[in-house]
Structures are given as structure tokens and as C-alpha cells.
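Please open the model in your viewer and keep the sequence panel beside it, since each stop on this tour begins with something to select.

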Amino acid sequence: MHREYHKWFSPNLNRDMELLVFGHAGARVLVFPTRRGRFHEYEDLGLVNALADRIENGWLQLFCVDSVDRESVYNRYATPQDRIRRHGQYEQYILNEVLPLSRLKNPQPFMISHGCSLGAYHALNIALRHPQWFGKVAAFSGRYNLSEPVAEFRGLFDDYYDEEIYFHSPNHFLPNLNDPAILDHLRRLQIVMTIGTEDPFLHSNLNLSEALWAKNVSHELYLWDGRAHQADDWQKMVQLYL
């Protein structure tokens, strides 16, 4: 399997960033790691191996990016305003640095946004906000509102809330989205979500599905037995839905 390591200084983040590329051709897949995960996590969890035949056959090419969650939404030493600001800088890094690199490496126009757990949030959030750049999003075991506590999971902005947090919360901004151009792009986007029936974020997924249907955005939501929030679950999911 073709494997490449890349590292460069990101002007959007003002720090070095790393990523891994797997494969030589096919649909480009932007892969976000889980909460505070690194660029090599997807490989470490056995998910690259689960897709090995599709990668080696030139059907998929993975671009596994690093996260800055420790500097953004999971940085308890920063103010909530700075957390969401850093998150916005990360989005600019993805849009203006990673996506152009992927297009240079591979002219295939079809781009998939993908992730598990918090990576599912990153994948779905950026695809809903910028659907013109994506053909599909595959979001597994995601949480789509970071501001509210759920079960043992705290809200990531304390009690603070502003417009930036709103526009990075799919459960919040999607029901009020009325821009015809964006909605047209969303209606062309293939959206696949999975969630366990015992996952604390089940209702986040159900609410988002309801909001998508209300906007006439077709999608698929698959409910898995149990919590279904581990690597062995995701290995099965990628073989079915990616």
C-alpha cells in the first residue's frame, strides 16, 4: 500500500502540522481523528487495514489529518472565545492547506469527509458548512452540539455561547439554514451517519436527522446495537458505509 508522510508549517495555525496519505488514486477521503487524536490514529486503530483492498485497488485515497483539539475545544486553560477561535483557524487550515494538497496529489473531484467520535463532528460540521467541496460525508458515533453537557460528557465552552459557537454547532445552525445555494449543495451531498442505540449522543443524531429531513436533505442514519463507539465497531462501519 502506498503511504506518504507530510509535514509543513501551517500559516493558519502558526505551527507545524503532520498528515498521512494512504493510497494512490480514487475518491479522496479527508479523515479526522477522534477526540485529541493524532494523524496516525486511523492507522493505529486498524481502520486503514479494514479498507486495505479499496485503497490498494485505487478506489479510495485517505488523507489522515492531525487535530488541534488540545489547543481548541479541549483546552480548558483557554477562554471559550479562544477555544472556538482556534477551532476556526483549524477549519481554515483544512480548507486552504489540506484540501489544496489533496487536489494536487489527486485530480479526482469526489471528496469524502469522514471521522469517528469527535472526528465525526469535524467531518460533518465542515461538510455542512462548506458542502461545495464535498461529495459525501461519513460520520460515525458523532456529537453535533459541543456546547451542551450530555451524560458524563461536559459542554466544551463552559457556560459561554456566541455566534461562532452557533455556526459550528450543526444541531443549532442547520434548522435555521435558509440559504438556497447552500441547501442546493447539501441536497446533492451523500450523508451517512451511524450511532449506537446506547450512545449518549443518540439524540444529537436523531435531532440532526430530523433537521435534515425538514430541509429536504436526504441522508442515511444507521442505528447500531449497544454503544458501538469503539475501533472494532468502526472497522465494520467503514466496510459498510465508506
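**From a helix into the loops**

Begin by selecting Asn216, which follows helix α9 and has a positive phi, near 60°. Bear in mind, as you look around, that this is a predicted model. Asn216 sits in the loop that runs between α9 and β8, and its phi of about 60° is positive although the residue is not a glycine. Most residues other than glycine have a negative phi. Is Asn216 buried or exposed? With a relative accessibility of 58%, Asn216 counts as exposed, because the cut-off for that word is over 50%.

Now step back along the chain and select residues 202-214, which form α9, a helix of 13 residues that reaches 19 Å from its first C-alpha to its last, close to the 18 Å expected at 1.5 Å a residue. Colour its buried residues next, which are Leu202, Ser204, Asn205, Leu208, Ser209, Ala211 and Leu212. An α-helix has 3.6 residues a turn, so residues three or four places apart point the same way. To see what covers the buried residues of α9, show its surroundings, including α5 (118-129), α7 (170-173), β7 (190-196) and β8 (220-224).

For the last stop, select Ala228, which lies in the loop between β8 and α10 (231-241). Ala228 also has a positive phi, here of about 50°, although it is not a glycine. Ala228 is buried, because its relative accessible area of 6% falls under the 20% cut-off, whereas Asn216, at 58%, counts as exposed.

Definitions and conventions
Residues are numbered from 1 along each chain as its sequence is written. This is a predicted model: local features need pLDDT of at least 70, side-chain atom pairs count only at pLDDT 80 or more; totals for chains, interfaces and linings use all residues. Side-chain values use heavy atoms; hydrogens and water are left out. Helices (H or I, at least four residues) and strands (E, at least two) are DSSP runs, numbered from the N terminus. The expected span of a helix is 1.5 Å times one less than its number of residues. Buried means under 20% relative accessible area, exposed over 50%, partly exposed in between (1.4 Å probe, protein chains only). Contact means heavy atoms within 4.5 Å.
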